[in-house]
Amino acid sequence: MNRDRRPGFSARLKLTLSYAGLVLVTGVVLLAVVWLFLLRYVPDNSQGLLGISPNRFLLSRIFGRAAAVAMGLLLLFGLVGGWVLAGRMLAPLTRISEAARTAGSGSLSHRIRMEGRQDEFRELADTFDAMLEQLEAHVAEQRRFAANASHELRTPLAISRTLLDVARKDPRSDRDELIERLYVVNARAIDLTEALLLLSRSDGGAFVRESVDLSLVAEEAAETLLPLAEQRRITLDVTGGAAPISGSEELLLRMVTNLVQNAVVHNDPVGGTVTVHTEARNGASVLRVENSGPALSPELVPTLTEPFQRGTERVRTDEHAGVGLGLAIVHSIVRAHDGTLELVARPAGGLVATVRFTGTS
């Protein structure tokens with residue numbers, strides 16, 4: 001807030017003075033019209049009009065007194081009426097200001113919910129309510145993410161401490177087994193930390209854009225994950241054509257890798273399929289990753305992009321369990337590149353992930 005500004009008139013006072021000034025000017029114009037187009041035709045002699053009417057001098061004196069009283073009444077009416085009307089007109093703005101101050105103090109749950117028909121103030125109030133709703137959801141998401149990240153980071157540290165305590169209390173314990181278990185726990189902590197850093201980087205949009213072909217990125221990701229797919233007896237195919245986009249090749253490679261790895265890991269035990277398709281269509285570059293697998297409930301699919309929300313139907317207990325950030329990182333990278341991510345459950349089981357980038361290079 002800029003506290004160096006000098007105090008000035010309120011908007012209500014300015015509107016009041018403007019309204020009173022307008023009423024006063026209107027009255028002056030009407031009186032001027034009467035004077036110029038009526039009194040000018042009254043004879044200026046001692047007999048007046050037809051010898052029976054007052055002359056111009058008498059009418060001017062009478063009219064002058066009445067005009068002064070009328071102008072005073074118009075000024076008073078303009079000030080009082082302008083003050084009341086300005087207060088009524090600015091009442092919605094006052095409510096919006098109070099809501100903004102409430103939000104500024106940290107309370108984001110307050111809503112204006114302005115009644116009445118649609119006008120500029122109500123449109124502003126509705127826009128402000130929508131902004132508060134999005135801001136509240138974003139803050140809640142960040143708090144939930146911070147709490148989950150703290151919990152996830154605490155888990156491997158707690159396991160490491162427990163293993164070290166057991167080894168210290170029992171010197172005869174197997175040292176090689178302890179080192180191996182500590183290595184696994186430490187590797188998981190490192191993976192989680194790197195995932196958090198990547199998620200933060202993609203959310204911040206701190207990357208250099210260059211021309212990237214999603215088809216080449218998809219082939220590279222598929223080649224990297226082919227041994228994992230063969231180990232699980234899953235058929236991995238890459239189809240389609242060039243799909244150019246302006247973005248970070250490193251982040252886009254991580255996006256495609258996460259999608260393909262997610263499709264391979266969450267698949268049928270034997271004989272599953274994963275299809276990666278790229279194409280340029282209607283001015284947009286499209287990447288689609290489709291896999292077979294168990295059926296997913298419609299309620300579960302929207303939560304898959306939330307950090308650490310693996311879902312009970314998606315939890316894996318093997319070496320590729322992950323840290324619960326795979327699709328969250330994908331969603332963050334897509335959003336940083338001004339794209340859209342759509343997840344749809346296949347009726348036969350599995351998932352279809354479609355990434356669409358518009359305004360491609």
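**Salt bridges, a nonpolar patch and a buried asparagine**

Let me begin with a pair of charged residues: the side chains of arginine 281 and glutamate 279 meet in a salt bridge, with 3.1 Å from N to O. Please keep in mind that this is a predicted model, and that arginine 281 is partly exposed, at a relative accessibility of 36%.

How many salt bridges does the count come to? By the rule applied here, the count is 6, and I would like to go through two further pairs.

In one of them, arginine 95 and glutamate 115 bring their side chains together in a salt bridge of 3.2 Å, again taken from N to O. This pair links distant parts of the chain, since arginine 95 sits in helix 2 whereas glutamate 115 belongs to the loop between helix 2 and helix 3 (120-169), with their positions 20 residues apart in the numbering. As for accessibility, arginine 95 is partly exposed, with a relative accessible area of 32%, while glutamate 115 counts as exposed at 52%, the cut-off for that class being over 50%.

The other pair is aspartate 165 with arginine 168, whose side chains meet in a salt bridge of 3.3 Å, N to O. Because these two residues are 3 residues apart in helix 3, about one helical turn separates aspartate 165 from arginine 168. Aspartate 165 is partly exposed, with 25% relative accessibility, and arginine 168 is exposed, with 65%.

Let me now turn from charged side chains to nonpolar ones. On the surface, Leu17, Leu75, Leu76, Leu79, Val80, Trp83 and Val84 form a nonpolar patch, and together these residues have about 610 Å² of accessible area. Which helix gives the most to this patch? That is helix 2, residues 56-104, with 6 residues. Leucine 17, for its part, is found in helix 1, which covers residues 11-37, and leucine 17 counts as partly exposed because its relative accessibility is 45%, which lies between the limits of 20% and 50%.

My last residue is asparagine 267, which is located in the loop that runs between helix 6 (249-265) and strand 4 (273-281). Is asparagine 267 buried or exposed? Its relative accessible area is 6%, so asparagine 267 is buried, given that the class requires a value under 20%. The side chain of asparagine 267 is also joined to the side chain of serine 292, through a polar contact of 2.6 Å.

How values were computed:
Residues numbered from 1 in each chain as written. Predicted model: local features only at pLDDT ≥ 70, side-chain atom pairs only at ≥ 80, totals over all residues. Heavy atoms only, no water. Helix = DSSP H or I, 4+ residues; strand = E, 2+ residues; numbered from the N terminus. Buried < 20%, exposed > 50% of the residue type's maximum accessible area, 1.4 Å probe, protein only. Polar contact = N/O pair within 3.5 Å; in protein donor to acceptor, adjacent residues only side chain to side chain. Patch = residues over 30% accessible without salt bridge, like charges linked within 9 Å, V, L, I, M, F, W, Y side chains within 5 Å. Areas by Shrake-Rupley, 256 points an atom, 1.4 Å probe, with all protein chains shown as cover. Salt bridge = Lys/Arg side-chain N within 4 Å of Asp/Glu carboxyl O.
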